[in-house]
Amino acid sequence: PEELLPDALWEMVAPLMPPAPPRNPKGGRPRRSDRDCLRGIIFVLKTGIPWEYLPQELGCGCGMTCWRRLRDWQAAGVWSKIHRRLLKRLSTAGKIDWERAALRLVHPSAKGGLKTGPNPTDRGKAGTKHHLIVDRRGTPLAALIGPANEHDSRRFEDLLDAVPPLLGPRGGHPRHRPTKIHADKGYDFARCRAAARQRGILPRIARRGIESRERLGRHRWVVERTFAWLHRFRRLRIRYERNPDIHLAFLTLGCALICWKAL
C-alpha cells in the first residue's frame, strides 16, 4: 500500500481533498479515510481490475466506496487540481521545457457510453480518443477525451487552452504557451495554424503529401513515449466507464502520477 501512495505524495494532495460530510447523528459505519480510497483508486488504475474485485486486504474499503469517491472528487475538480499542483512543482524546479510541445491522440476501444463513437481504425467498433499535449521532455501538460469518430483537429484549440499557467524557477509571469507546437498530419488545417499563431505559438504541423513520416518524428516521439507510460495503467487501455467524467478522472490521475515520477 505504501508503494501505491507514498507519504510525500499524500502530504502534497491531502490539502486538496474536499472536507468530509458531517457524520450521521444516528450513527452508522465510520467513513473510510480519503487516503485509503485514493490508494484503492490508484490500484484499480494500475491493474485495470473491476471495482468489485478490489482486494480487501489492501485496506481500501469496498470497490463501490472507492468508485463514489472517484466520482465525487472528479465533480469537485480534485484530479485536475492534483495534476496542476504537480506541474507547478515541476515548473518551479525548472523541469518544464517550453521550447517545444507536441500533441497527439490515440484510440482506445470502449464498451459504450457517452463521448464514444465508431472507431474508423478498428472496423467501426465503439471507441474513444485520448488527446494529449506534452512539453519537450514528455511531461503531460493537459489531456482531454472525445469520441473516436470526431476529427482530430476539433480538439486542437481546447487542448492548447487546457494547459495551466505555471511559474518558472525565477518567478515572473506565469507561462502556459510553448514556443513551438508539433503535430501530425491530422492537424494540417489553416484554422489550426491560425489558432496557434493567435496564441503566440509557432506551429510545426506536418503537411499532407509533402513531409515524410521519418522526418516528422524528430520532435514528436516524446508524446508517443508519454502515451506508452500512460497505457501502463491498464485501466486506460480500454474504456470501461460509460460516464466520460469517470474515464477522464482516470486519465488525469495517470498524468498526475507521471508528473510525480518526474518530480
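A cavity here is a set of grid points where a 1.4 Å probe fits but cannot get out. Keep that in mind as you click through this predicted model.

**Stop one: the enclosed space**

With a threshold of 30 Å³ or more, the count comes to one cavity. Its volume is about 60 Å³. To find the spot, select Leu5, Leu9, Val13, Leu38, Ile42, Ile82, Leu86, Leu253, Ala256 and Leu257, which line the largest cavity. Colour that selection by residue class and you'll get 10 nonpolar residues, with no polar and no charged ones.

**Stop two: the helices around the cavity**

Now switch to cartoon and pick out α1 (7-13), α2 (34-47), α4 (78-92) and α8 (244-262); each of these gives at least two residues to the lining of the largest cavity. Which helix supplies the largest share of the lining? That's α8, with three residues.

**Stop three: strands β8 and β9**

Leave the cavity and select residues 180-183 for β8 and 202-205 for β9. The two strands pair in the parallel sense, over four bridges. For one contact to zoom in on, show His182 and its bridge partner in β9, Arg204. To trace how the chain gets across, follow it from β8 through helix α6 (residues 190-198) to β9: this β-α-β crossover is right-handed.

Finish with the side chains of β9. In a regular strand, side chains alternate between the two faces of the sheet. Show Pro203 and Ile205 to see the covered face of β9, then Leu202 and Arg204 for the uncovered one.

Definitions and conventions
Residues are numbered from 1 along each chain as its sequence is written. This is a predicted model: local features need pLDDT of at least 70, side-chain atom pairs count only at pLDDT 80 or more; totals for chains, interfaces and linings use all residues. Side-chain values use heavy atoms; hydrogens and water are left out. On a 1 Å grid over the protein atoms alone, a cavity is a set of points where a 1.4 Å probe fits but cannot get out, and a pocket is an open set with protein on both sides within 12 Å along at least five of seven lines; lining residues have an atom within 4 Å of a point. Grid points are joined across faces, edges and corners, and a volume is the space filled by probe spheres set on the points. Ala, Val, Leu, Ile, Met, Phe, Trp, Tyr, Cys and Pro count as nonpolar, Asp, Glu, Lys and Arg as charged, and the others, Gly among them, as polar. Buried means under 20% relative accessible area, exposed over 50%, partly exposed in between (1.4 Å probe, protein chains only). Two strands pair if DSSP finds at least two bridges between them. A crossover is right-handed if, with the strands pointing away from the viewer, the path from the first strand over the helix to the second runs clockwise.
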